[in-house]
Amino acid sequence: MAKITRIAKLEFPAGQAKPGPELASLGINMPQFTTQFNEATKDRMGDIVPVVITAFDDKSFKFELKTTPAAILLKKAANIQKGSPKAKEQKVATISVDQVRKIAEYKLPDLNANDVEAAMRIIAGTAKNMGIVIEGMESSKEGKGKN
């Protein structure tokens, strides 16, 4: 049985992985990986897809696809290019609680949360750190010392 030589966490655009230095350092069959990855992610075009690759000493591999990072999903939902450089003082966008729920439901398998409500709180925290306001979602600090 082949021994594991390395486990790597990488991100590629869906359906657009290409052989390159990140893959070369793993010592795997790059064309085979890119073909399999691109085929597996062709329905997620336009998204960044995190992948965990387990490389074996015989140049074989296995990989596990993850959900698109929350920050990317939030930027897409808010229709912005980037988050706020000063999230506390400068808000850059507003999204609805329904958009947060949709993102949380999608991200749930990869989050450290037992239910959608907990996942929503995690996504809301990411949004807050990006300067994105969530319309209709209560915050534990809301109302206390508001400007």
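How many aromatic pairs does the structure hold? The answer is 7. Keep in mind that this is a predicted model, so everything below describes computed geometry.

**An aromatic link in the N-terminal part**

Take one of those pairs, phenylalanine 12 with phenylalanine 33. Their ring centres sit 6.0 Å apart, and with 55 degrees between the planes the arrangement counts as tilted. Phenylalanine 12 belongs to strand S1 (residues 4-13) and phenylalanine 33 to helix H2 (residues 30-41), so the pair ties together parts that are 21 residues apart in sequence.

**Two annotated domains**

UniProt, in an unreviewed entry, gives residues 9-61 the annotation "domain: Large ribosomal subunit protein uL11 N-terminal". From an unreviewed entry too comes "domain: Large ribosomal subunit protein uL11 C-terminal", placed by UniProt at residues 66-134. Here is how the two spans look in the model.

| Span | Helix | Strand | Distance between end C-alpha atoms |
|---|---|---|---|
| Residues 9-61 | 30% | 28% | 13 Å |
| Residues 66-134 | 51% | 10% | 25 Å |

**Three helices, three contacts**

Now for the helix packing. Two packed helices are described by the angle between their axes and the distance between the axes.

Start with H3 (residues 70-78) and H4 (residues 97-107), whose axes come within 11 Å and cross at roughly 150 degrees. That makes H3 roughly antiparallel to H4, since angles over 145 degrees are counted that way. The crossing of H3 past H4 is right-handed. On the H3 side, the contact uses Ala70, Leu73, Leu74 and Ala77, while H4 brings in Gln99, Ile103, Tyr106 and Lys107. Sorted by class, this H3 and H4 contact has 6 nonpolar, 1 polar and 1 charged residues.

What about H3 and H5 (residues 116-130): at what angle do they pack? It's about 70 degrees, and their axes are 10 Å apart. H3 and H5 are therefore roughly perpendicular to each other. H3 passes H5 in a right-handed crossing as well. H3 offers Ala70, Ala71, Leu74 and Lys75, and these meet Ile123, Thr126, Ala127 and Met130 of H5. The class split for the contact of H3 with H5 is 6 nonpolar, 1 polar and 1 charged.

That leaves H4 and H5, with axes that come within 8 Å and cross at roughly 110 degrees. H4 and H5 are therefore roughly perpendicular to each other. From H4, the contact draws on Val97, Val100, Arg101, Ile103, Ala104, Glu105 and Lys107; from H5, on Val116, Glu117, Ala119, Met120 and Ile123. Which classes turn up in the contact of H4 with H5? There are 8 nonpolar residues and 4 charged ones, with no polar residues.

A few residues are worth picking out on screen. In H3, Ala70 and Leu74 are listed in the contact with H4 and in the contact with H5. In H4, Ile103 and Lys107 touch H3 and also H5. In H5, Ile123 is among the residues meeting H3, and Ile123 is in the contact with H4 too.

Notes
Residues numbered from 1 in each chain as written. Predicted model: local features only at pLDDT ≥ 70, side-chain atom pairs only at ≥ 80, totals over all residues. Heavy atoms only, no water. Axes fitted to C-alpha atoms, helices over the stretch in contact; angles between N-to-C directions. Helix = DSSP H or I, 4+ residues; strand = E, 2+ residues; numbered from the N terminus. Parallel < 35°, antiparallel > 145°, perpendicular 65-115°, else oblique. Left-handed = near helix turned anticlockwise from the far one by under 90°. Contact = heavy atoms within 4.5 Å. Nonpolar A, V, L, I, M, F, W, Y, C, P; charged D, E, K, R; others polar. UniProt positions renumbered as here; feature names shortened; annotations may be inferred. Phe/Tyr/Trp six-rings, centres within 6.5 Å; stacked < 30°, edge-to-face > 60°.
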